[in-house]
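Subject: Structure for your review

Dear colleague,

Please find below the structure that I am handing over to you. My findings follow directly after it.

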Amino acid sequence: MASPHGILVLAEPGEERLASISLELVGAGRRLADAAGEPLFAVLAGLDAQAQELLAAGVDRVYLLPAPAPTGYLLETMLPAVEQVVRAASPRAMLLGHTACGKDLAPRLAVRLGVGLVTDACALAYDAAAGEVVASKPIFGGLAIAEQVPLGAPQLVTVRPKSQEPAEPQPGRGGEIVRFEPDLAGVAPRSRVVERVRERATAKRLEDAEVVVAGGRGVGGPEGFRYLEELAEVLGGVVGASRVAVDSGWVPSELQIGLTGKITSPKLYVAVGISGAMQHMAGCANARTIVAINTDPTAPIFEKAHLGIVGDFRQILPALTAACRALRER
Amino acid sequence: MPGGGGMRIIVCLKRVPDPEAPASLFRIDETGQRLVAARSVPRLTSTYDESALEAALQLKDQHGAQVTLLSLAGEDVSEWLQETLATGADEAVLVQDAELAEGDSFVTAAVLASAIRKLGAYDLVLCGRQASDTDAGIVGPALAEYLGVPSAAVVRRVAVQDGRLRLERVLEDGYEVLEMAPPAVLTITSECYQLRYATMANIMAASAKEVAVWTRADLDGVTVDRRTRQRRLYLPEQRRACELITADSPEEAAQRLAQALRARGVI
């Protein structure tokens, strides 16, 4: 490969317009590229209009791969295509989303390129003196933060969704689109996508909610979540859950909050029957006010919450719901 | 599928300090580079690896399979593997090497790939979607690349139909159904798979088995080739003085909480 130069991002197409992760990656990529004094590239398997969106957002050159089938991309053909673009573009670093696509693709791409990878980065910086990208990521469920440097060129990083300020599109901004036809002659896929199914438990997205009422092991079963729904309704919020509640089958998996679930940043987070394990707190640590309701006074949640009551949620929540309703009606 | 009846499934497991242990029991060591858990913190199977094992055991229940446990560790953890065998797996292999175990995810993946090649023909390799300590999620897909087989990350359900794998992979807003010809590597998430308890019969059967222990000398072409450099490790500010609301009754406490929230301008 030629001397590594520039930052490359893997943009993901949405339904019609670009998926939001794409603008977040472009925002982060632009900041790194500016710090390095180098150009910003993007690779996208999508539509012309989406490539134009990328240029408007600040990408200097888009490598446009053929758009995938309606069922979505197949890893076995996407991987060699992306690898070929990387070798052609020869960037110093590449950002992908820590998304279903990134989790599938990035580690395999790293092995093919013989380079290092840091996953689920929530902060990025360019160290000009050392000439390298530094990525910060949570370990042990978020108990500690590790600052890591993936080695080789390109340095690979998957970036946590919603952790980066997205780029602001400026229509009319220049840039070029390079149509890239991958050479898939040697590829004989042994897999196929049968179908893609969209599931949405609630109209309101957990990640955007201002108020979240979340339940954990202490809620004891699906019926207990009724109390949480009533409180959430009065507060104009959304119900969430810990991994334990989801894995026990009490609520749909879309409600899971935590390192491997949704990351929320509400004004108010009410944790009901949640012990406060690190991997869960990673999903709500940014909440402005955290309230804990738990029967166990030694539960770690009481070290993370701003306000708390030690007691039974079945008695506390109805009274809290009524009190909040009364306050709202004043 | 190789073998007369049934498949061969290899489950990769990692032994980690209990991720649910209180944060106060963890500290950063003198080098400033490693997070160390107090001796009192139990060591157990990484959370999502348990789900991978349950997925394997369910396939074994449905179709018949030989389930092999595989782990890389720096010390002798055969006792833990022996206990894990008691859930219903058939055999266990431990690759024991302190230096290799200290390597990054790519070293782990290369070691496991080498061990799997040594084990012979297989249909399916299952890993947890990410380890509870590193939270990297790199080993599974990297392993597939080293082995040159298809893979899918964050699979919530896997079935076998007419000799092919049919799986559901979690997406941001739903899931996709994939069909794959084995052999393949899948990383498993916990939604549908909770590891079963050991039965008396399986405990008895496991106690009669030996965990095979391999060293670096038993594997082909494995080097400690690190691809990541850690600059710094730190504990983010976590401890908080929680205002505990007490009252004569839960209802009164709830009232005071509502008032406190109103006073803080939250509601």
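Helix α1 (residues 20-36) of chain A lies across four strands of chain A, namely β1 (7-11), β2 (40-45), β4 (93-97) and β9 (155-159). Its direction is at about 180° to β1(A). Please bear in mind throughout that this is a predicted model.

The sheet of chain A

In chain A, seven strands make up an open sheet with parallel pairing, in the order β5-β9-β4-β1-β2-β3-β10. The edges are held by β5 (117-121) and β10 (176-179) of chain A; each has a single partner strand, so one side of each is left without a neighbour in the sheet. From one strand to the next, the twist averages 20°. At one of these edges, β10(A) pairs with strand β3 (residues 61-65) of chain A in the parallel sense, over four bridges. There, I177(A) in β10(A) is the bridge partner of V62(A).

The sheet that includes strands of both chains

A further open sheet has ten strands and mixed pairing, in the order β11(A)-β11(B)-β10(B)-β9(B)-β12(B)-β8(B)-β1(B)-β6(B)-β7(B)-β13(B). Its edge strands are β11 (191-198) of chain A and β13 (212-214) of chain B, each of which pairs on one side only. On average, and with direction ignored, neighbouring strands here are turned by 30° against each other. Within this sheet, strand β1 (residues 7-12) and strand β8 (residues 124-128) of chain B are joined by three bridges in the parallel sense. V11(B) has L126(B) of β8(B) opposite. Helix α1 (residues 47-63) of chain B lies across β1, β6 (65-73), β8, β9 (151-161) and β12 of chain B, and runs at about 150° to β8(B).

One residue of strand β12 (residues 184-188) of chain B may interest you, namely A184(B). Is A184(B) buried or exposed? A184(B) is buried because 24 other C-beta atoms lie within 10 Å, where 20 or more are required. With residues up to four places away in sequence left out, A184(B) touches L124(B), V149(B), P150(B), S151(B) and L165(B). A184(B) and A152(B) are 32 residues apart along the chain, and their C-alpha atoms are separated by 8.3 Å.

The nonpolar cores

The largest nonpolar core contains 136 residues, of which A42(A), V11(B), L126(B) and L143(B) touch the most other members. The element that gives the most to this core is helix α4 (residues 105-119) of chain B, with nine residues. A second core of 65 residues is separate, and V212(A), V213(A), W250(A) and A254(B) are included in it. As for A42(A), its contacts beyond four places in sequence are L8(A), V9(A), A11(A), V26(A), L54(A), V59(A) and V62(A). V62(A) is thus listed here as well as in the pairing with I177(A) of β10(A).

The contact between the chains

Chain A contributes 76 residues to the contact and chain B contributes 68 residues. The side of chain A that touches chain B consists, by class, of 41 nonpolar, 15 polar and 20 charged residues. Strand pairing also links the chains: strand β16 (residues 307-310) of chain A and strand β15 (residues 243-244) of chain B run parallel and are joined by two bridges. G308(A) has L244(B) in β15(B) as its bridge partner.

With kind regards

How values were computed. Residues numbered from 1 in each chain as written. Chains lettered and ligands numbered in written order. Predicted model: local features only at pLDDT ≥ 70, side-chain atom pairs only at ≥ 80, totals over all residues. Core = buried A, V, L, I, M, F, W, Y, C linked by C-beta atoms within 7 Å. Buried ≥ 20, exposed ≤ 12 C-beta atoms within 10 Å, placed from the backbone. Contact = placed C-beta atoms within 7 Å. Pairing = 2+ DSSP bridges. Axes fitted to C-alpha atoms, helices over the stretch in contact; angles between N-to-C directions. Nonpolar A, V, L, I, M, F, W, Y, C, P; charged D, E, K, R; others polar.
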